[in-house]
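Here are my notes on the model you sent over. I've kept them as numbered points so you can check each one against the structure on screen.

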Amino acid sequence: MSGSALPLEIVDLRTTLFTRRGEMKAVDGLSLTVAAGETVALVGESGCGKSLSALSIMRLLPDPPARIVGGQVKLNGRDIVPLPEEAMLGIRGKEIGMIFQDPLSSLNPVATVEKQIVEVLMTHTELGRGQARVRAHELLELVGMPDAARRLDAYPHQLSGGMCQRVIIAMAIACSPSVLIADEPTTALDVTVQAQVLALLKKLQADAGMAMIFITHDLGVVAETADRVVVMYAGRKVEEASVDDLFENPLHPYTVGLIGATPTPGAERAERLADIPGMVPPLNALPQGCAFAPRCPRVMDRCLTQKPALTAPAPGRLVACFAAERT
Amino acid sequence: MQRFEFLGRFARNRGAFVGACLILLVALMAAFASVFFPTDPLRIVGLPELWPGEDPEFPLGTDSLGRDILSMIVHGARATLLIGLFASAVATIIGVGVGAIAGFFGGWVDEVAMRAAELFQTIPNLIFVLTIVVILGSTLTNIVIAIGIVSWTPIARMTRAEFLSLRDREFVQACRSMGMSDFRIIVSEILPNALPPVIVLSSLVVAGAILFESAVSFLGLGDPNVASWGRLVGDGRQLIRSSWYICAIPGIAIMITVLCLNLVGDGLNDALNPKLRDR
Amino acid sequence: MSLLSLRDVRVQFNTAGGVVRAVNGVSLDLAVGETLGLVGESGCGKSTLGKAIMKLVPVAGGEILVEGVDIAPLNREQLTNMRRKVQMIFQDPYGSLNPRSTVGRSVAQPLVLAGWKADATAERVETLLRWVGLPSDAKQRYPHEFSGGQRQRIGIARALALSPKLIICDEPVSALDVSVRAQVINLLEDLKSQFGVSYLFISHDLSVVEHIADRVAVMYLGMLFEVGGRDQIWREPRHPYTRALLAAAPIANPKLARARQRTVLQGELPSPLNPPPGCPFNSRCPMAQDRCRVEKPALRAVGNGVQAACHFV
């Protein structure tokens, strides 16, 4: 493991779903880097491939039907795509942690909180059982679990959704991973609890200098948490920019549409929300050219036949759109 | 369009496809029995106890009285299938009715219905059927009803479970909010959604009913005017040491039919279960 | 006269753990042509209140008046009449349509129940589908052939069938993707300006409510905490819970998000089986005093047309 390598570097990742209806390119050439201490938000609507990207990085794809067919996922400089499953067991939870959307179903319902955290610690560290239990308690304190000592003996169903998510976070960061992947971690939570969990994730990340990929469909959450944003549509990255640039001057018509479609209290109120006509095309029926062309207000003849490649119109920005290139 | 998809999914299960074809064959055999064998199958037509193949006129041989076994099998198919279908229909009607009401209304209605179902489940089925037949007489109708009465409980439980999960769905609430009556909600809204697994179960009840009737006939309590396969087995049992084929041939017919019905049930389950689609 | 008046409405459920007072004395008025946003976190009773108005759950106390008429004692015929005025749109676009009914049959249902003739019904269904932006061949297709947004349009068409005066929208856009959500919100607004229908818009999403509502009511553990004009509430929230809720809602604008002060509310909703005595918010409230632990605050006018239920505003 070289010290200077980025915590996470994804190069041209391709994940395909092999189904009876044919092959669907769920992730089609995704490249992405995340620096230490940086949060990159992966944004898009359902079916855009953001969750499958996360599962590809974790090598947790449901196979069949999904399989990585190309590209590299470099974790601290080492490509983990060709690694055997046994090697991944030592990486997941240790070098890379993951937080899922549904907190209750990601915990084992018949084991206590303490047992689940201790198990993670004992799998990946040299700690003995006694030390691991002490550490489990510390971790629960760290994630702000109210009344942590008592909650160690609790079973998941005795905890609220927010508390379960705190336990999941404690398990994800137990071995101080260099990369944390959060897949819609607050979508199932109430808004006040969501604010607590977001604040907690931010603090933990800043303290440990973790690289974080934050997957969400909620632009509000993106604006609150991300440093950089990657917008995905139909399996491809269509735009990448810093969070300020993206919201101030979105380049891709899809990003423009998403931002216009999200009501923003406190900002100047538009009479009508800018909606995007139509809907996300199914992956097995993608148009020949740009996947967004049928819904795009700036569509040109070229868009219908050619897929636009990513270009860099300004430093630190990427966009895949023929119309945006010209302006 | 939808119907073709359904057939396609069903045919993809090879066992179910073969099963369905064989069942169809048996059904055709039953329907055209009098075309193939216009004479009464119970008439004595040849020498007794001819082994299969011994006389080309009787490819499956003759029984102890010299009746053509092939003719009896073909004619018996009609009785056997009808008994199975009607008994299953009786069980389905009782089961769906009880299950729908129990699942939809819940509360004490559900309690009463489920206790009743448990009562029927604890009675030994065969003895119950035999008792009814002995008391009310060995007619085909009585046998069918008796088998129906002992077979409805699994259907009722299945229907109840489906109703329990469907009754709180939003489309049912939408109907309620429009002021639709309970009866209409049960029959025209929930029932069509609850039926697929029930149909699967009903097809298995047909197989069970055929076995039941065979057992009853084997014990000599079947309808004396109907030559079902079960009765053929029963008639041959005295000669099982010397001419075992008299028992074995109708026995194999029962076995194949029941097996095919089970395969069809499996295929229906695959085809009707939306969770398995797209796999 | 208000289109809808709730007077001290109570709904309770008997569960294995005890009695849950899901709606605990809610009084509220909704004027003709108004969109009232009802917001709160899960378990606050907002959906139950919506269902109580539709008589989908039994009401334990209080009065629900539609155009001044109490709906509790109505007989079947009068109730059918009331239901013409009030319709509902549900949250789950996958669950709110019968999967084995064609779209045409689902949309026609309220008309059939109201005794419309077949040809008039068919014509009306065509019109309704056109209004919500669906192709007319939609009526012989089945719900699974449509996307989430289109199904929600079907649900809206069904709710519009009898030209109701009030539509109760129970989280109508929560299950939809962002771009489709905006389409449905715009559709609801268009229909409002076209037909003058009023909405009771139940949602946990504050930014959506801020966009669509004229007035806002905030619920917490079965109680109304604050009711008032949307601008008043957003500019100057009075109740400490409303303040916390608005502070917690993410804003899709990084500059505004960074600029605002963020006091993150501690703790989570108490169990509705066992709410704290006095004000139900006292376990999390930064302003809680001894009085809040014994005395339940009543909803009272606090100026500017806003009502709040707190001892200290």
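**Notes on the predicted model**

1. Let's begin with chain B. Of its 279 residues, 45% are buried. Keep in mind as you read that this is a predicted model. The chain has 11 helices and 0 strands, so its pattern along the sequence reads α-α-α-α-α-α-α-α-α-α-α. Its C-alpha trace spans about 75 × 45 × 30 Å along the principal axes. If you take the contacts in chain B between residues at least 6 apart in sequence, 69% of them join residues at least 24 apart.

2. Next, a helix pair in chain B. How do α9(B) and α11(B) run relative to each other? Their axes come within 8 Å and cross at roughly 170°. Angles over 145 degrees count as roughly antiparallel, and therefore that is what we call α9(B) and α11(B). For orientation on screen, α11(B) covers residues 245-272, while α9(B) covers 182-218.

3. What sits between those two helices? From α9(B), the residues involved include B:Ile199, B:Val200, B:Leu204, B:Ile210 and B:Leu211. On the α11(B) side, the list includes B:Ile254, B:Val258, B:Leu261, B:Val264 and B:Leu268. Sorted by class, this contact has 14 nonpolar, 6 polar and no charged residues. Among the polar ones you'll find B:Ser203 and B:Ser214 in α9(B), and B:Asn262 and B:Asn269 in α11(B).

4. On to the interface of chain B with chain C. Here 14 residues of chain B are in contact with 17 residues of chain C. On the chain B side, α8 (170-177) and α9 (182-218) each supply at least two residues. The biggest giver is α8(B), with 7 residues. By class, this side of chain B has 6 nonpolar, 4 polar and 4 charged residues. Note that α9(B) thus turns up both here and in the pairing with α11(B).

5. Now the interface of chain A with chain C. The contact takes 40 residues from chain A and 36 from chain C. Which elements of chain A give two or more residues? They are α7 (191-208), α8 (219-225), α9 (243-248) and α10 (253-261). Of these, α7(A) gives the most, with 7 residues. The chain A side divides into 21 nonpolar, 12 polar and 7 charged residues.

6. Chain A also has an open sheet of 4 strands, in the order β2-β1-β4-β5 with antiparallel pairing. Its edge strands are β2 (22-34) and β5 (78-79), each of which pairs on one side only. Strand β1(A), residues 8-19, is joined to β2(A) by 10 bridges, and the two run antiparallel. To find one of the partners by eye, look for A:Phe18, whose bridge partner in β2(A) is A:Glu23.

7. Last, the largest nonpolar core, which has 276 residues. Those that touch the most other members are A:Ile117, A:Ala170, A:Ile181, A:Val229, C:Leu200, C:Phe201 and C:Leu224. Helix α4 (69-105) of chain B gives the most to this core, with 17 residues. If you want to look around one of these residues, try A:Ile181: leaving aside its neighbours within four places in sequence, A:Ile181 is in contact with A:Ala54, A:Ile57, A:Met58, A:Ile96, A:Met98 and A:Ile213.

Terms used: Residues are numbered from 1 along each chain as its sequence is written. Chains are lettered from A and ligands numbered from 1 in the order in which they are written. This is a predicted model: local features need pLDDT of at least 70, side-chain atom pairs count only at pLDDT 80 or more; totals for chains, interfaces and linings use all residues. Two residues are in contact if their C-beta atoms, placed from the backbone, lie within 7 Å. Two strands pair if DSSP finds at least two bridges between them. Axes are lines fitted to C-alpha atoms, for helices over the stretch in contact, and angles run from 0 to 180 degrees between N-to-C directions. Angles under 35 degrees count as roughly parallel, over 145 as roughly antiparallel, 65 to 115 as roughly perpendicular and the rest as oblique. A nonpolar core is a set of buried Ala, Val, Leu, Ile, Met, Phe, Trp, Tyr and Cys residues joined through C-beta atoms within 7 Å. A residue is buried if 20 or more other C-beta atoms lie within 10 Å of its own, exposed if 12 or fewer, and partly exposed in between; C-beta atoms are placed from the backbone.
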